[in-house]
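The following exercises concern a single protein chain. Please work through each task with the sequence and the model in view before reading its solution.

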Amino acid sequence: MNTRAHFPYQLYLVISQADCGGRGYLEVAEQAILGGVDIIQLREKLLGTAGFLEAAKRLKDITDKHNIPLIINDNLQVAMSLPAAGIHVGNSDIPPVQIRSQWDASSAYVGYSIEYIDQLANKQAAVSDYLGISPVFRTATKSDTVTEWSLDGITQIRQLTSKKLVAIGNIDKHNARAVVSAGADCIAVVSAVCGARDPLKAAYELKNELLK
Ligand code: TZP
Ligand code: MG
């Protein structure tokens, strides 16, 4: 479905069952896709590998139906078993170089979160398909963050790499356009969609901002 050289996505939903509150994550995901989300990451911090894989299989039925990629957060076993369209890892997770050596799938995306500017020069960034700018703005959704990049940080990173840049952290319809103008290729959100009363409408409004 995808080739790694190509990362054309603009609106990236990062989802977990917990972040969807009482609602079903599958329903939220499908509504978000109908609203304009074009790539989804399942980020389950509260499940073991068996539960994560089960949740991912269910979500993959939906992403496959709509022909959009499903990325797995930080669990290579789950990503390879599915198989997923790719994996996303942070600075302290399994390193992208190791992922490439273990996962012999030429089409699999590897995303790597940049928390420190020095990471841009390392070999982990070099073998990744896209870099997460994490977080752009401080967010209650993830409290253990390091650098709050802000818009200037996006522009600084944009000048240092030609990799696709996915910005995450407290992005909503009010600041999405500014994040892209600062140099991001794609925005990733949790609460702007998972916490919205109407996830389809929330995704649609975000996508509209990106297309302006
Ligand atoms: N990584 C950096 S910030 C973040 C992750 C997973 C959470 C973003 O959530 P929200 O609700 O869009 O601020
Ligand atoms: Mg991680």
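**Exercise 1. Locate Asn67, state its backbone peculiarity and classify its exposure.**

Solution. Asn67 is found in the loop between α2 and β3 (70-73); helices (H or I, at least four residues) and strands (E, at least two) are DSSP runs, numbered from the N terminus. Next, consider the backbone: Asn67 is not a glycine, yet its phi is positive, at about 60°. Most residues other than glycine have a negative phi. Finally, Asn67 counts as exposed because it has 9 C-beta neighbours inside 10 Å. The scale calls a residue buried if 20 or more other C-beta atoms lie within 10 Å of its own, exposed if 12 or fewer, and partly exposed in between, with C-beta atoms placed from the backbone.

The model is predicted: local features need pLDDT of at least 70, side-chain atom pairs count only at pLDDT 80 or more, and totals for chains, interfaces and linings use all residues. Residues are numbered from 1 along each chain as its sequence is written, while chains are lettered from A and ligands numbered from 1 in the order in which they are written.

**Exercise 2. State the confidence scores of the model and of the protein chain.**

Solution. Begin with pLDDT, the predictor's confidence in each residue, from 0 to 100. The protein chain averages 95, and 98% of the residues score at least 70. For the model, ipTM is 0.98 and pTM is 0.96. Where pLDDT is low, the predicted coordinates should not be read in detail.

**Exercise 3. Describe the overall fold of the protein chain in numbers.**

Solution. First, count the elements: the protein chain has nine helices and eight strands. Second, compare its radius of gyration, 16 Å, with the 17 Å that the globule rule gives for 212 residues; the two are close, so the chain is as compact as a globular protein of that length. The radius is taken over C-alpha atoms, and the rule is 2.2 Å times the number of residues to the power 0.38. Third, the C-alpha trace spans about 40 × 40 × 30 Å along its principal axes. Fourth, 42% of the 212 residues count as buried. Fifth, among contacts with a separation of 6 or more, 59% join residues 24 or more positions apart; a contact requires C-beta atoms, placed from the backbone, within 7 Å.

**Exercise 4. Describe how α1 packs against α9.**

Solution. Two packed helices are described by the angle between their axes and the distance between the axes. For α1 (residues 25-35) and α9 (residues 199-211), the angle is about 35° and the axes are 7 Å apart. Axes are lines fitted to C-alpha atoms, for helices over the stretch in contact, and angles run from 0 to 180 degrees between N-to-C directions. The residues in contact include Val28 and Leu34 of α1 and Leu200 and Tyr204 of α9. By class, the contact has eight nonpolar, two polar and two charged residues. Here Ala, Val, Leu, Ile, Met, Phe, Trp, Tyr, Cys and Pro count as nonpolar, Asp, Glu, Lys and Arg as charged, and the others, Gly among them, as polar.

**Exercise 5. Which peptide bonds leading into Pro83 and Pro135 are to be described, and where do these prolines lie?**

Solution. The bond joining Leu82 and Pro83 is cis, with omega about -15°. Pro83 is in the loop between α3 (76-81) and β4 (86-89). The bond from Ser134 to Pro135 is likewise cis, with omega near -10°, and Pro135 is in the loop between β6 and α6 (150-160). Most peptide bonds are trans.

**Exercise 6. Is Leu13 buried or exposed, and which residues does Leu13 touch?**

Solution. Leu13 is placed in strand β1 (residues 11-15). It is buried, because 26 other C-beta atoms lie within 10 Å. Not counting residues up to four places away in sequence, Leu13 touches Ala29, Ala32, Val37, Ile40, Val189 and Val193. The C-alpha atoms of Leu13 and Ile33 are 8.9 Å apart, with their positions 20 residues apart in sequence.

**Exercise 7. Classify Ala55 by exposure and list its contacts.**

Solution. Ala55 sits in helix α2 (residues 49-65). Its 19 C-beta neighbours inside 10 Å make Ala55 partly exposed. Leaving aside neighbours within four places in sequence, Ala55 is in contact with Gln17, Leu42, Glu44 and Leu47.

Methods: Contact = placed C-beta atoms within 7 Å.
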